[in-house]
2 protein chains.
Amino acid sequence: MGKAALNEAARMVEVEWSDGGVSRFPYVWLRDNCQCPQCFNPDSLSRRVLMNDLDVNVSPVRVELQAKGSLLSVEWPQGHESQYDCHWLRERCFSPQALSERERDWQKRTQLWGAELAHNLPKADFPAILTDDRALHDFLVVLDSVGLVLVQNVPCDVGQVERLANRVAFLKPTSYGLEFEVVKKPKPNDLAYTTVKIGLHTDLNYYSYRPGVQMLHCIEQTRGEGGDNSLTDGINAAYQLKKENPDAFRLLTTLKVNFYCTGVDLYKFFFRQRRNVISLNDQGEVQSVSFSDQARDSILDLPADQVQPFYDALKAFDTIMYLPRNCLRFKMAAGEMIAFDNTRSLHGRSAYSLVDSTRHLQGGYFDWDEIYSRMRVLKVDLGIKDKVT
Amino acid sequence: MGKAALNEAARMVEVEWSDGGVSRFPYVWLRDNCQCPQCFNPDSLSRRVLMNDLDVNVSPVRVELQAKGSLLSVEWPQGHESQYDCHWLRERCFSPQALSERERDWQKRTQLWGAELAHNLPKADFPAILTDDRALHDFLVVLDSVGLVLVQNVPCDVGQVERLANRVAFLKPTSYGLEFEVVKKPKPNDLAYTTVKIGLHTDLNYYSYRPGVQMLHCIEQTRGEGGDNSLTDGINAAYQLKKENPDAFRLLTTLKVNFYCTGVDLYKFFFRQRRNVISLNDQGEVQSVSFSDQARDSILDLPADQVQPFYDALKAFDTIMYLPRNCLRFKMAAGEMIAFDNTRSLHGRSAYSLVDSTRHLQGGYFDWDEIYSRMRVLKVDLGIKDKVT
């Protein structure tokens, strides 16, 4: 820093950097973020100043640069003194340019895909993910941006989804337990546990906190016909709908649909949730999709004359999802696992027949909160500069 | 039902009820919700009809009433026949009145409170909750509407928050584990693990999926001064802010604040999340609050000239939270547990001294998805007519 001065009118400290640029730091923000041990706990890296004790109208008595311009020193009334490192300050600059750079770091780097992804399916090696931090990092980066990774060389026994989840953080428990077995069951509480075709869907739309990522690990695949998985990028499909049928897009982003599920698994459950089929973020970008033929409630809370337009919109979205250019199909082999963004990548499977074999997938979930935390830690540990949302 | 007829112009079946009322059911909705075993799986209680196979322009060939008007029978092209029970239909009526009744069932029944709640604190008996379904139901209903319950007669050893969570569903795991011990620790990764005052806050604002409910179980209380808990209804405080300082309310419902936490517990973590301090639902009602002096990031992504107004707004909200009329204070005794809505009820504690004693709280979380599911199941099992969100 070359200069520092008080701007009483703006109630900000103005700092001139050695490169000539100027940053302005509001008084109240500086006082609130004093880094001295009395105001900031170095063990927990957290603020000790309580808003309740903060004078939001505080003004510095004086400012000066110290340590050859690498420290900004601010003296407050009653003699409290704060020192701010120049790099620390620069990372917190309030200029439009700095804000727009930081804004970019928050943007999810979504790579849209269609059926062509089958020729170039993102792959990861299970043993490498489990043992190598860089492999784990790269796996999570692709899972975040593409929303689908084929994990290979997975041992053909149960417990592998848990091993992968534990490498990130932990399995997300649901009413179906920590893991669930996708096999034909005598009294199925879900169509997944039959041999029928399952349409493209996202899981657990009847939860407010839907699982972020789903893993499906193929332990045994049927030797008979069928049992292929279908996968579609729901965000890509939603953008195609927006372009081709803006009215349908508008309906699916505004009308609430009920999802529900009731039955018994670990215990009796009865879930209900209302949500838009297509959810937008604050910037109007498609953030997630919620779709399931199976779990969509027959109770539809719409005026009668909106029902046909709603179905037309849902059909239009569904049709796009299944277009050959959008829907990727492949039959997992034993020892393979797919991991996909459950809020984005729709999955389904074709009907199958069991010939001298069973079909056994083990499934499990983990959440984006833990994934992003893990990615940030790995980036720090591995010295990767790339920011993560 | 007294009569049923096709209305080709509207593409709806019109049903006249025995009481004279008329309901209209759109053709496409009826076909989509055929309840025959081919279209609907009675084991999983879910739709088998795939949107992909549904003709959204389908029209019935004819309708008729059967079984003395208790069944609506619809014949579709290609001879498929659907039968709908009259009670089932009535529960799905699309009339404005029926929609508005169902809308009411979705509304959360929030009971706002202030410090006066101390004289009438909602209480629950731990052994009763664990063994009696009605007691569990009543506990959850109050937890939902008030957002705070004092649970009494809890054994004074660890593991009780898990027992309570397991009675509802399961503990929500976080980076701090399934349970966490609030005691003075030598190298605290959180100010909770010191003896200093902790300001009013909600937990884990740096998660996208914040824990829904927090339990704090007092296993041992300090015999020294302090260690009282403070609790404020954040939704009530937000509405007071809206009334007294609409500009501040507008800022806190629109400006995004960064929350963060980094450190080591079960493993290294590094969480970041942006959110409004006050969140509104689609109806503009206050839905939740996110507040923490400790976890609010020093990186503030606002233009410089919005910083002072933001702090003024935060200070105004904070001041309301701490008003004696709003902030309830009491010192938990060993064998007591508070359970509160972490998205609404702000909690804090006064500084404390340790005199010939330790202070040991055990904490844990569980989520609203599981709570609402459990409440619905209990209502069905206990024959309680009241609906739940």
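**Close-up views of a two-chain predicted model**

**Figure 1. The second largest pocket encloses about 1,200 Å³ of space.** Of the 45 residues lining this pocket, Glu91(A), Arg92(A), Lys387(A), Arg272(B) and Ile299(B) are the closest to its centre. The model shown here, as in the other views, is predicted.

**Figure 2. Elements of chain A and chain B line the second largest pocket.** From chain A, strand S3 (22-26), strand S5 (46-47), helix H2 (86-90), helix H3 (96-106) and helix H10 (368-382) each supply at least two residues of the lining. From chain B, strand S15 (256-264) and strand S16 (268-276) each do likewise. The greatest contribution to the lining of this pocket comes from H3(A), with seven residues. By class, the lining of the second largest pocket holds 14 nonpolar, 13 polar and 18 charged residues.

**Figure 3. Chain A and chain B each bring 94 residues to their contact.** Together the two chains bury about 8,300 Å², and 53% of this area is on carbon and sulfur atoms. On the side of chain B, the most area is lost to chain A by Met51(B), Trp106(B) and Tyr209(B), which together account for 9% of what that side buries.

**Figure 4. Polar contacts link 58 residue pairs across the interface of chain B and chain A, with both residues of each pair at pLDDT 80 or more.** Helix H9 (residues 304-322) of chain B provides ten residues, the largest share of the side of chain B that touches chain A. That side of chain B comprises 43 nonpolar, 18 polar and 33 charged residues.

**Figure 5. Twelve salt bridges are counted between chain B and chain A.** Side chains of opposite charge can pair when their charged atoms come close. One salt bridge brings together the side chains of Asp32(B) and Arg296(A), with an N to O distance of 3.0 Å.

**Figure 6. Arg274(A) and Glu103(B) form a salt bridge.** The closest N and O atoms of Arg274(A) and Glu103(B) lie 3.1 Å apart. Arg274(A) belongs to strand S16 (residues 268-276) of chain A, whereas Glu103(B) belongs to helix H3 (residues 96-106) of chain B, so this pair joins two chains. Over all chains, the count of salt bridges comes to 38.

Definitions and conventions:
Residues are numbered from 1 along each chain as its sequence is written. Chains are lettered from A and ligands numbered from 1 in the order in which they are written. This is a predicted model: local features need pLDDT of at least 70, side-chain atom pairs count only at pLDDT 80 or more; totals for chains, interfaces and linings use all residues. Side-chain values use heavy atoms; hydrogens and water are left out. Contact means heavy atoms within 4.5 Å. Buried area is the accessible area (1.4 Å probe) that two parts lose on being put together, summed over both. A salt bridge is a side-chain nitrogen of Lys or Arg within 4 Å of a carboxyl oxygen of Asp or Glu. A polar contact is a pair of N or O atoms within 3.5 Å; within protein, one must be able to donate a hydrogen and the other to accept it, and residues adjacent in sequence count only if both atoms are side-chain atoms. Helices (H or I, at least four residues) and strands (E, at least two) are DSSP runs, numbered from the N terminus. Ala, Val, Leu, Ile, Met, Phe, Trp, Tyr, Cys and Pro count as nonpolar, Asp, Glu, Lys and Arg as charged, and the others, Gly among them, as polar. On a 1 Å grid over the protein atoms alone, a cavity is a set of points where a 1.4 Å probe fits but cannot get out, and a pocket is an open set with protein on both sides within 12 Å along at least five of seven lines; lining residues have an atom within 4 Å of a point. Grid points are joined across faces, edges and corners, and a volume is the space filled by probe spheres set on the points.
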